[in-house]
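Me: Please take a close look at one buried helix in this model and at what surrounds it. I would like its ends, its packing and its neighbours in one connected account.

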Amino acid sequence: PKLPVRLQRRFPKPAAPKMRYWVYQTAYLLGLSAMPAWVAACEDHNKLVKLVAIDAVRSVGPPSPEKTRALIKLLQDPDREVRGHAIIALDRMGPFRQDAVPALIDVLSDNYSGPRFAVAGNVREVAAWTLGRIGPEAAAAVPELTKLLADPYVRMRQEAAAALAHIQREQNVPPGDMSRSISGVLDSIDPKADKTTKVEKP
């Protein structure tokens, strides 16, 4: 659908930050598929505009190298919420998401360990989850993910173990070797050292 004429004139660069956000938000809700404008909006200095642009890049149109590059660049954004949304959006980039592996490995060293989907979410956990979704093409992340099996946060250990399982299972690593390696590291951690609530077994 086309935007109203007044909105078309303002898209994609109205001057006032608040107006710019509402223009992009309206464009997104109306399904405007002007992808070059959405990719450019990922570099907007307004955080809310970036978040809307990330949603559009993730959900409007097919995956592309241009979209993927824009999202990878956002992994360097100073705002953790922007980084977290960009990581989640990268999962929708199909065969191009493997280009993000080096940047996602860097995110594993982020020093924030709060709830994963509260506000920004724990970007380390989301990065591990996305690397697991990428599968064997994320093999370069195995050393860093293995280190995170000894992380003091139980959720981080869980995401690292799950990611390793997805990556190594598809690499034909013997299941016994993989499970012994993961469970051995987890069992060696003192539960009293946990800084988060333990997750009960179902």
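Reply: A polar contact here is a pair of N or O atoms within 3.5 Å, where one atom must be able to donate a hydrogen and the other to accept it. Contacts of this kind mark the starts of several helices discussed below, and the model is predicted.

First, the setting. The protein has 11 helices and zero strands. Of its 202 residues, 46% count as buried. Among contacts between residues at least 6 apart in sequence, 59% join residues at least 24 apart.

The helix chosen is α6, residues 80-90. Eight of its 11 residues are buried, so the rest of the structure largely encloses this helix. The buried set consists of Glu81, Val82, Arg83, Gly84, Ala86, Ile87, Ala89 and Leu90; buried means under 20% relative accessible area. These residues pack against four helices: α4 (47-59), α5 (65-74), α7 (101-107) and α8 (123-134).

The N-terminal end of α6 is capped by Asp79, with a side-chain oxygen 2.8 Å from the backbone nitrogen of Glu81. Asp79 also forms a salt bridge with Lys47, in which the closest N and O atoms are 3.4 Å apart. The bridge connects distant parts of the chain: Asp79 belongs to the loop between α5 and α6, Lys47 belongs to helix α4, and 32 residues separate them. Both partners are partly exposed, Asp79 with a relative accessible area of 24% and Lys47 with 31%.

Just beyond the last residue of the range 80-90, the side chains of Asp91 and Arg97 meet in another salt bridge, at 2.7 Å from N to O. Here both partners are buried, with relative accessible areas of 10% for Asp91 and 17% for Arg97.

Within α6, Ile87 deserves a separate look. Leaving aside residues up to four places away in sequence, Ile87 touches Leu75, Leu104, Val107, Val123, Val126, Ala127 and Thr130. Of these, Val123, Val126, Ala127 and Thr130 are among the buried residues of α8. In soluble globular proteins, nonpolar side chains tend to be buried together. The largest nonpolar core here has 48 residues, and those touching the most other members are Ile54, Leu71, Leu75, Ile87, Leu104 and Leu145. Two or more residues of this core come from each of α3 (35-41), α4, α5, α6, α7, α8, α9 (142-147) and α10 (154-169). The most come from α4, which gives seven residues.

Now the neighbours. Helix α4 has 13 residues, and its end C-alpha atoms are 19 Å apart, which agrees with the 18 Å expected at 1.5 Å a residue. Its buried residues are Val49, Lys50, Leu51, Val52, Ala53, Ile54, Ala56 and Val57. As at α6, a side chain caps the N-terminal end: in α4 the cap is Asn46, whose side-chain oxygen lies 2.8 Å from the backbone nitrogen of Leu48. Just after α4 comes Gly61, with a positive phi of about 80°.

Helix α8 has 12 residues, of which 10 are buried, so α8 too is largely enclosed by the rest of the structure. The buried residues are Val123, Arg124, Glu125, Val126, Ala127, Ala128, Thr130, Leu131, Gly132 and Ile134. Their cover includes α6, α7, α9 and α10. From its first C-alpha to its last, α8 reaches 16 Å, close to the 16 Å expected at 1.5 Å a residue. At the start of α8, a side-chain oxygen of Asn122 comes within 3.0 Å of the backbone nitrogen of Arg124. Gly135 follows α8 and has a positive phi, near 85°.

Helix α9, part of the cover of α8, holds a salt bridge of its own, between the side chains of Glu144 and Lys147 (3.1 Å, N to O). An α-helix has 3.6 residues a turn, so residues three or four places apart point the same way. Glu144 and Lys147 are three residues apart in α9, and about one helical turn separates them. Glu144 is partly exposed at 29% relative accessibility, whereas Lys147 is exposed at 56%. Elsewhere, salt bridges that share partners join Lys47, Asp79 and Glu81 into one network. That brings the account back to the start of α6, where Asp79 is the cap and Glu81 supplies the capped backbone nitrogen.

Terms used: Residues numbered from 1 in each chain as written. Predicted model: local features only at pLDDT ≥ 70, side-chain atom pairs only at ≥ 80, totals over all residues. Heavy atoms only, no water. Buried < 20%, exposed > 50% of the residue type's maximum accessible area, 1.4 Å probe, protein only. Contact = heavy atoms within 4.5 Å. Core = buried A, V, L, I, M, F, W, Y, C linked by side-chain atoms within 4.5 Å. Salt bridge = Lys/Arg side-chain N within 4 Å of Asp/Glu carboxyl O. Expected span 1.5 Å × (residues − 1).
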